[in-house]
Protein chains: 2
Amino acid sequence: MAIDTRRPKEIRAEIRRGVLRGVTAGLAPGSVQANLAVLPREHAYDFLLFCQRNPRPCPLLEVTDVGSVEPTAVAPGADLRTDLPRYRIYKDGELAEELSDVTPYWRDDLVAFLLGCSFTFEWALLDAGIRLWHIEHGKNVAMWRTSVECRPAGRFHGPMVVSMRPIASEQLAKAITVTARFPSAHGAPIHIGDPAGLGITDLSRPDWGDPQTFGVGDVPVFWACGVTPQAVALASKPPFMITHSPGHMFITDLPNAALSVL
Amino acid sequence: MAIDTRRPKEIRAEIRRGVLRGVTAGLAPGSVQANLAVLPREHAYDFLLFCQRNPRPCPLLEVTDVGSVEPTAVAPGADLRTDLPRYRIYKDGELAEELSDVTPYWRDDLVAFLLGCSFTFEWALLDAGIRLWHIEHGKNVAMWRTSVECRPAGRFHGPMVVSMRPIASEQLAKAITVTARFPSAHGAPIHIGDPAGLGITDLSRPDWGDPQTFGVGDVPVFWACGVTPQAVALASKPPFMITHSPGHMFITDLPNAALSVL
């Protein structure tokens, strides 16, 4: 597939018109992509507080005004009801429907949360010359539910989910410092080495994604994962919630480098 | 004054007993100190969102559970009603009382916000060998209300307040990178050089604090200031709000270095 070098706004317009309906990986390379979670105002305080208390798995990029469909800070003019290629509707924590336009479901009391995504820090790792096995082999990362509890907030609580990438030991220091510069995209690893420290017993059997292959001298490195906020929100069975479908992210106007703190 | 090397917990106990009643500068050196803002739950969502949208002036360290007096993440066992040396009570945005124990005013619907403070990044600057005129001369920094509007959230809106420190041009790069490592303590400067860019017309007349003296080659460097959240909250005239008195901060258990992202 040729790299799509158009600007995020043009790509979002094609998504809105239904021309693009697939996963967003590789679209608008260099632009920040985001996870979406939409909840009624009634549950928005608890979820906002949950994100504030757990910034590694839940790095907030944007929270819309109540009822607004426009993420003014990260993509002015965008419409969160139509500008993602695929959405999921959850009712009482159960998947009710999957669709490409949530306009019929929008309500005046909804608040949209956009959260940083691993695409940004993987870009930073690749840019720094760090090899990522799953990208070289066209696989997904490996993800686990850990024994580390997030700090609860109101109705929301649950374990942190992590993603794991094998990193060559000679590239370990660089992988840590490079990702630490991006706290809005999960930041530095939360754990390096022995998976038992996170309650993970078998590295060959991830809870989600694909098992990874380790080269000689590779070390397992664990980053907080954006699956956490959705998993935690759904576990509390909110009456109504909208999310993106896995891999079908929201493309913002922000360049990845804009998220670097240093 | 001799440096007080006791642990934060012991110092907070003396504050609670009323033995220490003065400003907290110089107490528990190396520990993070925090600004306090307490609001009813009714206004907590808007204030939390305001902080999320304006992280440079309003870096959140901790938000308590509704009604709780204990900041469990940054100072387990502490009591926010008694462990600061001096508080201010505001009613409808007006100062109503200044006192050393707010137990009589505590309510089940209150939420306490602790926000990062410039002491942390000044420690980082000094530690990196950067000279700060106001500290060498026992003065306060200079602060201004700027023409930069914070991003509003619900009832809260207003201009960003900045502090300014003259920095030697040969130390400028280091001053920027050193403070960038501490996003939870205002992070990197928001502006360097010509004050007109912030709508400041006269560097010799700050809105708060003391005028600074510039050496040859010194450049004015502006950081977002923790005065912003209180000024913004009070401008919206909330019926009830508790804050620390200026300089009388909350001393957390966190070492300053713990806030460094890199």
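Q: By what turn and shift can chain B be laid on chain A?
A: In this predicted model, a turn of 180° with a shift of 0.0 Å along the axis lays chain B on chain A, and the RMSD is 0.0 Å. That is the relation of a two-fold axis. In chain B, the C-alpha nearest the axis belongs to B:Tyr45, at 2.8 Å from it. Both copies use the same surface, since 100% of the contact residues of chain B recur in chain A.

Q: How is the packing of two helices described?
A: The description of two packed helices rests on two quantities, the angle between their axes and the distance between the axes. Here, helix α2 (residues 41-53) of chain A packs with helix α2 (residues 41-53) of chain B at an angle of about 50°, and their axes are 10 Å apart. Because angles between 35 and 65 degrees count as oblique, α2(A) is oblique to α2(B). The crossing of α2(A) with α2(B) is left-handed.

Q: Which residues make the contact of α2(A) with α2(B)?
A: On α2(A) they are A:Arg41, A:Ala44, A:Tyr45, A:Leu48, A:Leu49 and A:Gln52, and on α2(B) they are B:Arg41, B:Ala44, B:Tyr45, B:Leu48, B:Leu49 and B:Gln52. B:Tyr45 has already been named as the residue of chain B with the C-alpha nearest the axis. By class, the residues of this contact comprise eight nonpolar, two polar and two charged.

Q: How do helices α3 and α5 of chain B cross?
A: The axes of α3 (residues 118-127) and α5 (residues 172-180) of chain B come within 9 Å and cross at roughly 135°. The two helices, α3(B) and α5(B), are therefore oblique to each other, and their crossing is right-handed. From α3(B), B:Phe121, B:Ala124 and B:Leu125 meet B:Ala175, B:Val178 and B:Thr179 of α5(B). The residues of this contact are five nonpolar, one polar and no charged.

Q: What sign does phi have in most residues other than glycine?
A: Most residues other than glycine have a negative phi. A:Asp92 is not a glycine, yet its phi is positive, at about 50°. B:Lys237, likewise not a glycine, has a positive phi of about 50°.

Q: Where do A:Asp92 and B:Lys237 lie?
A: A:Asp92 is in the loop between β3 (87-91) and β4 (94-99) of chain A. B:Lys237 is in the loop between α6 (227-235) and β11 (240-244) of chain B.

Q: How is the accessibility of A:Asp92 and of B:Lys237 to be read?
A: A:Asp92 counts as partly exposed because its relative accessibility is 47%. B:Lys237, with a relative accessible area of 48%, is also partly exposed.

Methods. Residues numbered from 1 in each chain as written. Chains lettered and ligands numbered in written order. Predicted model: local features only at pLDDT ≥ 70, side-chain atom pairs only at ≥ 80, totals over all residues. Heavy atoms only, no water. Least-squares fit on C-alpha atoms with pLDDT ≥ 70 in both. Contact = heavy atoms within 4.5 Å. Axes fitted to C-alpha atoms, helices over the stretch in contact; angles between N-to-C directions. Helix = DSSP H or I, 4+ residues; strand = E, 2+ residues; numbered from the N terminus. Parallel < 35°, antiparallel > 145°, perpendicular 65-115°, else oblique. Left-handed = near helix turned anticlockwise from the far one by under 90°. Nonpolar A, V, L, I, M, F, W, Y, C, P; charged D, E, K, R; others polar. Buried < 20%, exposed > 50% of the residue type's maximum accessible area, 1.4 Å probe, protein only.
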